[in-house]
Amino acid sequence: MPADPGFYGPLQYSPVWMWAGVALVALVAGWYVVVFASTRRPRMAEGVRRSAALTDLSVLKAAYLQRIDDVEREAAAGNLSLRAAHHEISHLLRSFVRDATGVDALRMTRQDLERHPLPAPAAVVRILYPAQFGVEPLPSVAVSAASARNAVSTWS
């Protein structure tokens with residue numbers, strides 16, 4: 001019996017479609033390479049290291065000592081509550097440690113500071129914790145400021 005004239009076999013796709021698919025896959029892969037390469041930091045040569053920006057420690061100390069004095073003065077004038085003054089002194093001390101060493105002491109707990117080789121700030125924060133989080137009566141701001149001032153001025 002001869003083949004049915006109403007039946008046609010499947011048509012073949014044109015080779016153009018295959019090449020269009022390959023080009024589309026290559027285009028997507030190229031896009032990922034461009035995005036990945038353009039968002040990466042440039043590599044430094046092994047021997048060449050970027051030196052950290054050096055901070056003039058004496059200027060940094062003077063600035064933070066002045067800010068601690070300002071907080072003590074504001075608390076003495078009654079413009080700042082005792083608890084807020086202790087919080088600010090702790091924040092200033094931790095900011096000084098960050099600026100002097102690069103260690104992000106602002107996000108460290110008292111125990112983290114004690115485990116880290118930062119004994120002077122850890123000791124002052126240990127003194128400031130009851131004033132920051134304890135119950136009334138709060139310790140004197142002058143004593144806390146003197147402790148922070150001592151830690152900043154003796155920093156080396």
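This dialogue reads two helices and a group of aromatic rings in a predicted model.

Me: How many residues does helix α1 have, and what end-to-end distance should they span?

Reply: A helix is expected to rise 1.5 Å a residue, so the 25 residues of α1, from 15 to 39, should span 36 Å, and the end C-alpha atoms, 37 Å apart, agree with that. Helix α3, residues 82–101, can be read likewise, since its 20 residues reach 29 Å from first C-alpha to last, close to the expected 28 Å.

Me: Which residues of α3 are buried, and how many of α1?

Reply: Buried means under 20% relative accessible area. In α3 the buried residues include A85, H86, I89, L92, L93 and F96, whereas the count in α1 is 0, leaving that helix hardly covered. L24, which is found in α1, counts as exposed because its relative accessibility is 52%, and together with L27, V28, W31, Y32 and V35 it forms a nonpolar surface patch with about 670 Å² of accessible area.

Me: Which aromatic rings are linked into a cluster by ring pairs?

Reply: Planes over 60 degrees apart count as edge-to-face. The structure holds 2 aromatic pairs. In one of them, the rings of Y64 and F96 have centres 5.6 Å apart and planes at 70°, so the pair is edge-to-face; it links helix α2 to helix α3, across 32 residues of the chain. F96 and W155 also form an edge-to-face pair, 5.6 Å centre to centre with 85° between the planes, and W155 lies in the segment after α6, 59 residues from F96. Ring pairs thus link Y64, F96 and W155 into a cluster.

Me: Why does F96 count as buried?

Reply: F96 counts as buried because its relative accessibility is 0%, and W155 is buried too.

Definitions and conventions:
Residues numbered from 1 in each chain as written. Predicted model: local features only at pLDDT ≥ 70, side-chain atom pairs only at ≥ 80, totals over all residues. Heavy atoms only, no water. Helix = DSSP H or I, 4+ residues; strand = E, 2+ residues; numbered from the N terminus. Expected span 1.5 Å × (residues − 1). Buried < 20%, exposed > 50% of the residue type's maximum accessible area, 1.4 Å probe, protein only. Patch = residues over 30% accessible without salt bridge, like charges linked within 9 Å, V, L, I, M, F, W, Y side chains within 5 Å. Areas by Shrake-Rupley, 256 points an atom, 1.4 Å probe, with all protein chains shown as cover. Salt bridge = Lys/Arg side-chain N within 4 Å of Asp/Glu carboxyl O. Phe/Tyr/Trp six-rings, centres within 6.5 Å; stacked < 30°, edge-to-face > 60°.
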